Amino acid sequence: MSEQRSTSWTGRDDGPGPEHRRWHHIATGSAGPGEGRGPHVGIVGFASDEGVRRNSGRQGAAEAPPLLRAALAGLAAHRPFTLTDHGDTGYDGQDLEAGHDAVGDVIATSLDADDLTVVLGGGHETAWGCYLGRARSQRFGADEAMGRTVVVNLDAHFDLRQAGRPSSGTPFLQMARAEQEAGRHLDYAVVGIAEPSNTTVLFDTARQLGVRWLTDVDSTEERALAFLDEVLAVADHVHLEIDLDVLPADIAPGVSAPAAVGVPMRTTSAVVRHLAASGKLRIVDVAEYNPRYDVDSRTAKAAARLVADIVHALPGA
């Protein structure tokens with residue numbers, strides 16, 4: 001198991017004061033006036049793409065977390081917030097299960113200390129690590145007395161694949177089974193499903209599990225926000241997954257499976273801001289960034305913009 005602290009928080013410095021504040025100032029503790037105010041954000045990296053390999057996808061996502069931090073570092077910070085970087089968790093060889101166990105502990109630590117945990121994957125196997133972190137958290141654990149958690153996935157795929165071992169295609173079926181074993185039901189909703197990219201058995205599995213979804217072609221801003229209002233009405237906590245292949249391929253070419261249609265960036269931004277503004281968002285996982293296939297860092301920039309949109313929409317001064 002390996003954990004590495006990031007050196008990616010560097011960027012342009014235009015001068016002192018909040019009017020010049022960027023993310024790297026906040027990450028390095030040099031933000032100046034207003035530092036320590038606003039929501040507390042924790043960053044956790046998971047340097048993993050073994051799940052993508054097992055799912056026969058294009059590898060490279062293990063290289064993503066430092067590059068996603070670098071894309072965030074130079075962004076302007078238009079509100080005060082505190083940022084704690086909990087570092088990158090990796091693992092030796094192909095032992096994804098040990099990696100999940102290790103990152104689950106780090107995510108639980110962040111959930112217990114921070115108002116919002118942002119996980120930078122990694123392939124979408126990261127989602128299972130996020131579930132383990134939630135289950136181990138003292139604030140948002142699996143106990144129903146802590147409130148009802150709804151998992152919202154922005155994704156072209158259900159990721160409900162049945163397989164002999166965990167992969168980037170299995171995490172939500174793993175979650176559903178874990179909840180069933182605990183006598184509970186997984187509240188799971190997906191925005192951006194691409195019908196041609198999901199087999200009949202995956203749709204059947206989704207129906208059997210009571211999954212709610214909106215297809216990519218139906219994901220207008222109006223319909224997506226109305227869909228999410230139904231989700232928020234029953235949620236105490238929201239666990240948000242952003243698989244970057246939900247975005248159109250011209251916006252996000254650097255993923256394992258680029259989208260032929262996708263959900264427009266403007267709609268996706270509105271969705272994540274809506275969830276953040278609800279005050280119920282506890283954890284967001286940004287998955288499937290593959291820098292080996294990116295063009296002009298488009299995908300990294302899109303991912304960073306979505307994370308920044310979330311943080312800027314969080315309640316609190």
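**Exercise 1. Find which residues aspartate 243 is in contact with, leaving aside its neighbours within four places in sequence.**

*Solution.* Start with the ground rules: this is a predicted model, where local features need pLDDT of at least 70, side-chain atom pairs count only at pLDDT 80 or more, and totals for chains, interfaces and linings use all residues. Residues are numbered from 1 along each chain as its sequence is written, and side-chain values use heavy atoms, with hydrogens and water left out.

Now locate the residue: aspartate 243 sits in strand β8 (residues 237-243); strands are DSSP runs of E with at least two residues, helices are runs of H or I with at least four, and both are numbered from the N terminus. Next, apply the contact criterion, heavy atoms within 4.5 Å. With neighbours within four places in sequence left aside, aspartate 243 is in contact with His124, Asn153, Leu154, Asp155, Asp159, Ala287 and Glu288. Finally, check accessibility: aspartate 243 has 2% relative accessibility and therefore counts as buried (under 20% relative accessible area; exposed is over 50%, partly exposed in between, with a 1.4 Å probe and protein chains only).

**Exercise 2. Work out which residues the UniProt annotation "binding site" covers, and whether they are scattered or gathered at one spot.**

*Solution.* The unreviewed UniProt entry lists His124, Asp155, His157, Asp159, Asp243 and Asp245 under "binding site". Positions follow the numbering used here, feature names are shortened, and annotations may be inferred rather than shown by experiment. These residues span 122 residues in sequence, yet no two of their C-alpha atoms are more than 12.3 Å apart, so they gather at one spot.

Take one of them, histidine 157, found in the loop between β5 (149-154) and α6 (171-181). Its relative accessibility is 16%, so histidine 157 counts as buried. Not counting residues up to four places away in sequence, histidine 157 touches Tyr188, Val190, Ile193, Ser197, Asn198, Asp245 and Ala257.

**Exercise 3. Describe how helix α4 and helix α5 pack.**

*Solution.* First, the geometry: α4 (residues 96-113) and α5 (residues 126-136) pack at an angle of about 50°, with their axes 7 Å apart. The two helices are therefore oblique to each other (not under 35 degrees, roughly parallel; not over 145, roughly antiparallel; not 65 to 115, roughly perpendicular).

Then list the contact: α4 contributes His100, Asp101, Val103, Gly104, Asp105, Ile107, Ala108 and Leu111, while α5 contributes Trp128, Gly129, Cys130, Leu132, Gly133, Arg134 and Arg136.

Technical notes: Axes fitted to C-alpha atoms, helices over the stretch in contact; angles between N-to-C directions.
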